[in-house]
Amino acid sequence: MLRSCAARLNSLRGLRGLRGGFAGSSFPLKNIIHENHSLPKPCWSKDMRLLFDQMMKKCEDGSWICFPSHTYGSTKMSQDFSAFIHDYFPTASKAINKEKLSQARLFCGSFEDGLGFEYAMFYNDAEERIVCLFEGGPYLQGVPGFLHGGAIATMVDQTVGMSAILAGGVVMTANLNINFKRPVPLCSVVVINSQLEKIEGRKIFTSCNIKSVDEKTLFTEATGLFIKLEPEKNI
């Protein structure tokens, strides 16, 4: 089923003008598909698995798409990143250690399974909405028994950022405004709902909230502003 979802994702990229990668970019998104790791994971809780199965059911008619799980770390991927950085950050690329780049990993995927960021994202093109199922592991603790605020902010950025990427291609975060309503219990499952709000030129506006599985508890509300990048601009 993940392969069929990946195929629909590539078709969606075609509609968005992101065929084989970000528009105008030398960084091929198709390599991420090849690096996907199987979902659901054995380390997931029953609640996480149940929600995942429910969302996968929604994928069957094509209205929702499940994003593959992935990490970065291969030599080929580091080469792709080098080309990407050169195109979009010609000035900043001089300060990047190319040898260390080969060791780079996606931050959210740098923990062992079950210890850090466990999540699955689903996208609805008609609604321009992303639903992210998130379970924060024990290595993300802040105040004892609760998730660190930085871990929550990371997942907010990860989710609304994906909304912006689908809308605009290569983007970077310009602003995140996060209101923490209630602390999120450690190792609990929450649902992140992200929405594309509007696009003004190169500015992409998004919003999201984080709620409990039963939707009765609101943990976090946030808005995000992302800027669409253009290749060969000095950044």
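Modeller: A definition to set us up: two strands count as paired if DSSP finds at least two bridges between them. The model we are looking at is predicted.

Colleague: Thanks! With that in mind, which residue is the bridge partner of Val131 in β7?
Modeller: Start with the strands: β5 (129-136) and β7 (189-200) run antiparallel and are joined by seven bridges. Seven bridges satisfy the minimum of two, so the two strands pair. Within this pairing, the partner of Val131 in β7 is Asn193.

Colleague: And on the other side of the pairing list, which residue of β5 is the bridge partner of Met121?
Modeller: Here the neighbour is β4, covering residues 117-124, and it pairs with β5 in the antiparallel sense over eight bridges. The two strands also make a hairpin, with four residues between them. In β5, Met121 has as its bridge partner Cys132.

Colleague: Which non-glycine residue in the loop between β4 and β5 has a positive phi, and how exposed is it?
Modeller: The residue is Glu128, in the loop between β4 and β5, with a positive phi of about 50° although it is not a glycine. Its relative accessibility is 29%. Buried means under 20% and exposed means over 50%, so Glu128 at 29% counts as partly exposed.

Colleague: How many bridges join β7 to β8?
Modeller: The strands β7 and β8 form a hairpin with two residues between them, and Gly201 in the turn has a positive phi of about 65°. Across the pairing, Leu196 stands opposite Thr206 in β8. The strands run antiparallel, and the number of bridges joining β7 to β8 (residues 203-212) is 10.

Colleague: Moving one strand along, which residue of β9 stands opposite Cys208?
Modeller: Nine bridges join β8 to β9, residues 218-228, and the two run antiparallel. They also form a hairpin with five residues between them, where Glu215 in the turn has a positive phi of about 65°. Opposite Cys208 in β9 stands Ala222.

Colleague: Let's put the strands together. Which two strands stand at the edges of the sheet?
Modeller: Seven strands form an open sheet with antiparallel pairing, in the order β2-β4-β5-β7-β8-β9-β6. Each edge strand has a single partner strand, so one side of each is left without a neighbour in the sheet. Those edge strands are β2 (65-66) and β6 (171-180).

Colleague: Which residue of β4 does Cys66 stand opposite?
Modeller: The strands to look at are β2 and β4, which pair in the antiparallel sense over two bridges. Two bridges meet the minimum for pairing, so β2 counts as a partner of β4. Cys66 stands opposite Phe122.

Colleague: Now the second largest pocket: which element gives the most to its lining?
Modeller: The pocket has a volume of about 190 Å³, and its lining includes Leu51, Trp64, Val131, Asn193 and Glu215. At least two lining residues come from each of α3 (46-59), β5 and β7. With four residues, the element that gives the most is α3.

Colleague: By class, how many charged residues are in that lining?
Modeller: The lining has seven nonpolar and two polar residues. Lys58 and Arg129 are among the lining residues, and Lys and Arg belong to the charged class. The count of charged residues in the lining is three.

Colleague: Is β5 itself mostly covered or open, and how many of its eight residues are buried?
Modeller: This strand sits between β4 and β7 in the sheet order. It also supplies at least two residues of the lining of the second largest pocket. β5 is mostly covered, and of its eight residues the number buried is seven.

Colleague: One on charges and rings: how far is Lys198 from the ring centre of Phe205?
Modeller: A charge counts as sitting over a ring only if the Lys NZ is within 6 Å of the ring centre. Lys198 passes, lying over the face of Phe205, and the distance is 4.9 Å.

Colleague: Last one: is Cys187 buried, partly exposed or exposed?
Modeller: Cys187 is placed in the loop between β6 and β7. Its phi is positive, about 65°, although it is not a glycine. With a relative accessible area of 38%, Cys187 is partly exposed.

Terms used:
Residues numbered from 1 in each chain as written. Predicted model: local features only at pLDDT ≥ 70, side-chain atom pairs only at ≥ 80, totals over all residues. Heavy atoms only, no water. 1 Å grid on protein atoms, 1.4 Å probe; cavity = no way out; pocket = protein on both sides within 12 Å on 5 of 7 lines; lining within 4 Å. Points joined across faces, edges and corners; volume = space filled by probe spheres on them. Buried < 20%, exposed > 50% of the residue type's maximum accessible area, 1.4 Å probe, protein only. Lys NZ or Arg CZ within 6 Å of the ring centre and 35° of its normal.
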